[in-house]
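Trainee: Before we accept any label in this entry, I would like to see how each one follows from its cut-off.
Mentor: Then let us take the labels in turn, with the value set beside the criterion each time.

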Amino acid sequence: MLKIAGTAAGATGIGIGAGAAATPASAAGGALAHPGLLHTKADLARMAAKVKAGAQPYTAGYAKLTANRHAQSGWRANPQAIVSRGSGGPQNYRILYNDVHAAYQNALRHHVSGEDVYADTAVAILNAWSAELTAIHGSADRFLAAGLYGYQIANAAELVRDHPDFELDRFKELLTGVFAPLSDDFLVKHNNAVVSNYWTNWDLTAMACVLATGIFCDDKAQVARAVDYFKHGEGLGSVKKAIPVVHDDGLAEWLEAGRDQGHALLGVGLMGIFCEMAWNQGVDLYGYDDSRFLKGAQYVAKWSLGGPVAYTENTRAKGAINGWSGRETASRAAGVDPNMTRPIWAMIANHYTKRRGLDATYLTRIAAKSAPEGGGGDYGPNSGGYDQLGFGTLAFTRDKATKAEASASPSPATDAADSGSGNGSASGRGSGSKKAGSSASASAQGGRGEDLAATGTSDFPAWTAAGGVAALAGGLLLLRRRNNRSGGGTHG
């Protein structure tokens, strides 16, 4: 069971089925809605109708899908009994993420085109993996593999769960026996490291897998634990630690902006995915804590567009429990490459501006700049190009909600610790509300081909330079040595 800070696990009052005018209607009796991960029945029907009508930008988004080599009915799976990611041995995780994206893209193409051959291809891929895969191995990066590819493969399967040839029960066993246990364990133990050792994106990969598994397998207790971790979790992926400071200008710092642009984009995308999956079950985390995620996403959008943002110096404890320890300070927002993009913005921008009718200038600008969004395989050959399922222009563009619809969205139950204006602070950070004053670094580190989730030793100097991170109490040599220890994991 997940380790929760501040409230009992499961006591979230997740409000399944509330706000029917703005959220999908759940199944009778309070059951979880299906399809109900990133896409609902209404979403899929909208995509198909818009493309059939030749409406833009849907047709441009669909053209990105059909042009992708993974979205072809000739794709054949290459399932492995054991998938490995990280240092210390042979790695074959690229086989998994390529097959996962092929399953998702074929399933999505089926729903838009109505052609059964694409659903059949997706089912064949998913059945092959559920029959073969028994474990995920590797260094600490195995937790990234479980989280990223766990939430993604669940989304692919959700699109074909009613297909007559789909091995539904066996696939549930794959999620609950191979993917989710690693993600659940990470959120409890953090690979036996101190809780702040791993940056925000590590928690968010695990959170996305746990939530997606709970929804797919109709485990409402698992869903509740995931939602509770978003609100109260001890790790840096919980919302008030990922977004620790809200400024008077309405923007809120994204913690990992002090690391580098690539990982910040990864984290924002993952938190958006988490919020969208929860929303489709009637749980409004997009609006939680005075729309804290909106403020953080706007911050990252402005910063990624080259605009100045404030950053509050942050020192994190690092190391293994009862082992190596040290501290590390991020002193400023990293430099950015304005041309770096990932397919994360359409979903977030459309939620806030179309579903909710709110102004989100930076989200609107960056979503337009990134359109039409592609998917896995369109953003480079390495794993970072496969961290999001993508195709947001096709999947998440929506008509603007009426005033009544926008105001009907559900409000999640909160406890006393959740009340207030959204200016709460992270532990040890002091006041959560500050005036924006400093500017982003003028240097533009990173690039478009970076592996966003890479965590090996060889990546450490690059992200240190990009983020203005100072390694304290031990320096680089100890950090490098820690990469080879079983307790501390990678640099996270």
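**From values to labels**

Mentor: Arginine 161 has a relative accessible area of 11% and is buried; keep in mind throughout that this is a predicted model.

Trainee: Why is arginine 161 called buried?

Mentor: Buried means under 20% relative accessible area, and arginine 161, with 11%, therefore counts as buried.

Trainee: What makes aspartate 218 partly exposed?

Mentor: Its relative accessible area is 36%, and because the buried class lies under 20% and the exposed class over 50%, aspartate 218 falls in between and is partly exposed.

Trainee: How do you know that the side chains of arginine 161 and aspartate 218 meet in a salt bridge?

Mentor: The N to O distance is 3.9 Å, and the criterion asks for a side-chain nitrogen of Lys or Arg within 4 Å of a carboxyl oxygen of Asp or Glu, so the pair qualifies. Arginine 161 lies in the loop between α5 (141-158) and α6 (168-189), and aspartate 218 in the loop between α7 (200-216) and α8 (220-232), so the salt bridge ties together parts that are 57 residues apart in sequence.

Trainee: What makes the pair of glutamate 328 and arginine 316 a salt bridge?

Mentor: The closest N and O atoms of glutamate 328 and arginine 316 are 2.6 Å apart, which is within 4 Å, so the label applies. Glutamate 328 lies in strand β5 (residues 325-330) and arginine 316 in strand β4 (residues 314-319), so this pair ties together parts that are 12 residues apart in sequence.

Trainee: Are glutamate 328 and arginine 316 buried or exposed?

Mentor: Glutamate 328 has 2% relative accessibility and arginine 316 a relative accessible area of 4%; the limit is under 20%, so both count as buried.

Trainee: Which other salt bridges should I inspect, and how many does the structure hold?

Mentor: The structure holds 12 salt bridges; among them, arginine 259 and glutamate 256 meet at 2.8 Å, N to O, and these two residues are buried. Asp43, Arg46 and Arg398 are linked in a network of salt bridges.

Trainee: Turning to nonpolar residues, what is leucine 363 in contact with, leaving aside its neighbours within four places in sequence?

Mentor: Its partners include Leu294, Ala297, Trp345, Ile348 and Tyr352. Leu363 and Trp345 are among the residues with the most contacts inside the largest nonpolar core, which has 129 residues. Helix α10 (residues 261-279) supplies the largest share of this core, 12 residues.

Note on methods: Residues numbered from 1 in each chain as written. Predicted model: local features only at pLDDT ≥ 70, side-chain atom pairs only at ≥ 80, totals over all residues. Heavy atoms only, no water. Core = buried A, V, L, I, M, F, W, Y, C linked by side-chain atoms within 4.5 Å. Buried < 20%, exposed > 50% of the residue type's maximum accessible area, 1.4 Å probe, protein only. Helix = DSSP H or I, 4+ residues; strand = E, 2+ residues; numbered from the N terminus. Contact = heavy atoms within 4.5 Å.
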